[in-house]
Amino acid sequence: MPNRTTRASASPLFVPRKTDRRTARAARDQFAAARDKARQAARPETRRTTTGIDPELRATYPASGRPGPASARGGRLKLPAHRMTTATASGAYPFLAEGGLGAQGIYVGRDVHAEAAFTYDPFALYGRLDGFTNPNILLAGVIGMGKSALAKSLAVRAVAFGYRIYVPCDPKGEWTVVAQALGGQTIALGPGLPGRLNPLDAPARPYGVSEDDWAGEVRKRRLLLLGSLAKTVLRRDLHPMEHTALDVALDQAVTHAEAAGTTPLLGDVAYVLGSPERLDAALGDLSGRLGRAAEDLAHALRRLVHGDLAGMFDAPSTVAFDPAAPMLSIDLSRLGGTGDDTALVLAMTCSSAWMESALADPTGGRRWVIYDEAWRVMRHVALLERMQSQWKLSRGLGIANMMVIHRLSDLLTAGDAGSRGRALAEGLLTDCSTRIIYRQEADQLGSAAALLGLTGVETQAVSALTKGRGLWKVAGRSFITQHLLHPHERELFDTDARMHT
């Protein structure tokens, strides 16, 4: 029989005008039901599907797997190498943490992200960690966040590893109790104190260096010291004639002291500079000119002889440098309390020169030199130059220099952009393979991120750091570390003791 298709349709019913609302509503409902039924009848009948597995879906391989060498069995699977960025890798493997710097070194505390112990030793990392080119350290953090406790803790724990600690400038006198606890020495300098230090002392000649070579090295160090002192007081660079006057005055003072069997003093150099006839007699072809050129130098050194620093650096040293002592600090807390840092800078220059000359022996072992409150000297180019020399010689002398400041913007106070002071300060930062950043104020985050090259995540982390927790950037690797103190260390390093009494 021919296949006939039945078509269904629905038409609205006639509703009289005077019909009530209930009857009209019922008519509309009936029409809607009839229309839906007509639509269902107009649809073609769908074929019933049988339940179970589709017979068209057949297994490509048997249950035992793909046969032959392409089965990836027997360790013969070789996949091409795939390279991805760290951003992609962190998304693919989000639960991996930094492996740390290894277990060799000084215990610092806990790695927050890895939940493991964090150790650090600049001498152990040098030559073993890629990008770790020097043992110098920068430590920055606002007041009260624990940066001083970290510096002292590293010093105390480093002594247990056989390292020796030297603090050429202690402006607040906080390192005295630490040095005493370690069995070290402290030299307190200031008005009314008995301590004396002669920065022109010649250290013992290192083994393997001839007497002539060592005499030339000592002379060079003394000239650098005198030049730094003069530039600090004069607040300018020296003229060529002034350099010549310093050379002549130092040679005259050394000759006179050696004839008497003593060590030259700053007062001897200042006396020669203040005697034009002695300077002119030393250089006949410049007669009458060298004496006048040295007038400003004579007045500059007079402050160390007859001014507010009289006696501290113009007298024989009351203590001998003991390179075997576990710790030595120079307490300068009596200076710099009036708001003028010139006296403190002059004292730091003399004490640094005295200590550095004793540290010149490259066979003297590994040592830490800590410059606490270094922000106070950023405006003095002469002292920055001495610090730069110390930074550059750190590897050859086996010295790890640590510079402690409050804010990263302290480095910008060394001078305007492009100035000599700014270049020296930024050079010190560049020569620090380790940067430890404690919490910074919100208005300092921009300069900190620019100077250190912090990422957005690191910048945000610095703003949220709590007490004792810092961002460690070691040769490009970043760690958030919680510093842990022993109860005895906490009591020894308490810098807020006066706030609790």
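This is a friendly conversation about how the terms used for this structure are justified.

Trainee: What kind of model is this, and how are its residues numbered?

Mentor: It is a predicted model, in which local features need pLDDT of at least 70, side-chain atom pairs count only at pLDDT 80 or more, and totals for chains, interfaces and linings use all residues. Residues are numbered from 1 along each chain as its sequence is written, and side-chain values use heavy atoms, with hydrogens and water left out.

Trainee: How many helices and strands does the protein chain have, and what makes a stretch a helix or a strand?

Mentor: The protein chain has 19 helices and 11 strands. Both are DSSP runs numbered from the N terminus: helices are H or I with at least four residues, and strands are E with at least two.

Trainee: Why is Thr-119 called buried?

Mentor: Buried means under 20% relative accessible area (exposed is over 50%, partly exposed in between, with a 1.4 Å probe and protein chains only). Thr-119 has a relative accessible area of 10%, so it is buried. It is found in strand β2, residues 116-120.

Trainee: What makes the link from the side chain of Thr-119 to the backbone oxygen of Gly-102 a polar contact?

Mentor: A polar contact is a pair of N or O atoms within 3.5 Å; within protein, one must be able to donate a hydrogen and the other to accept it, and residues adjacent in sequence count only if both atoms are side-chain atoms. Here the side chain of Thr-119 reaches that oxygen at 2.5 Å.

Trainee: Which residues does Thr-119 touch, and what does contact mean?

Mentor: Contact means heavy atoms within 4.5 Å. Not counting residues up to four places away in sequence, Thr-119 touches Leu-101, Gly-102, Ala-103, Gln-104, Gly-105, Ile-106, Tyr-107 and Val-108.

Trainee: Why does Leu-189 count as buried?

Mentor: Its relative accessibility is 0%, so Leu-189 counts as buried. Leu-189 lies in the loop between β5 (185-188) and α6. Leaving aside neighbours within four places in sequence, its contacts include Met-312, Phe-313 and Ile-330. The C-alpha atoms of Leu-189 and Ala-347 are separated by 8.4 Å, although these residues are 158 residues apart along the chain.

Trainee: And why is Gln-390 called buried?

Mentor: Gln-390 is at 6% relative accessibility, so it counts as buried too. Gln-390 is found in helix α13, and among the residues it touches, beyond four places away in sequence, are Glu-356, Tyr-371 and Asn-401.

Trainee: Why is helix α8 described as largely enclosed by the rest of the structure?

Mentor: Because 6 of its 8 residues (266-273) are buried. Those are Leu-266, Gly-267, Val-269, Ala-270, Val-272 and Leu-273. The buried residues of α8 pack against α6, α7, α9 (276-282) and α11 (295-306).

Trainee: Where does the buried side of the story stand for the protein chain?

Mentor: Buried residues make up 45% of the 501 residues in the protein chain.

Trainee: What is the lining of the second largest pocket like, by class?

Mentor: It has 8 nonpolar, 6 polar and 9 charged residues. Ala, Val, Leu, Ile, Met, Phe, Trp, Tyr, Cys and Pro count as nonpolar, Asp, Glu, Lys and Arg as charged, and the others, Gly among them, as polar. A pocket is an open set of points on a 1 Å grid over the protein atoms alone, where a 1.4 Å probe fits, with protein on both sides within 12 Å along at least five of seven lines; lining residues have an atom within 4 Å of a point. Helix α6 gives the most to this lining, with 9 residues.
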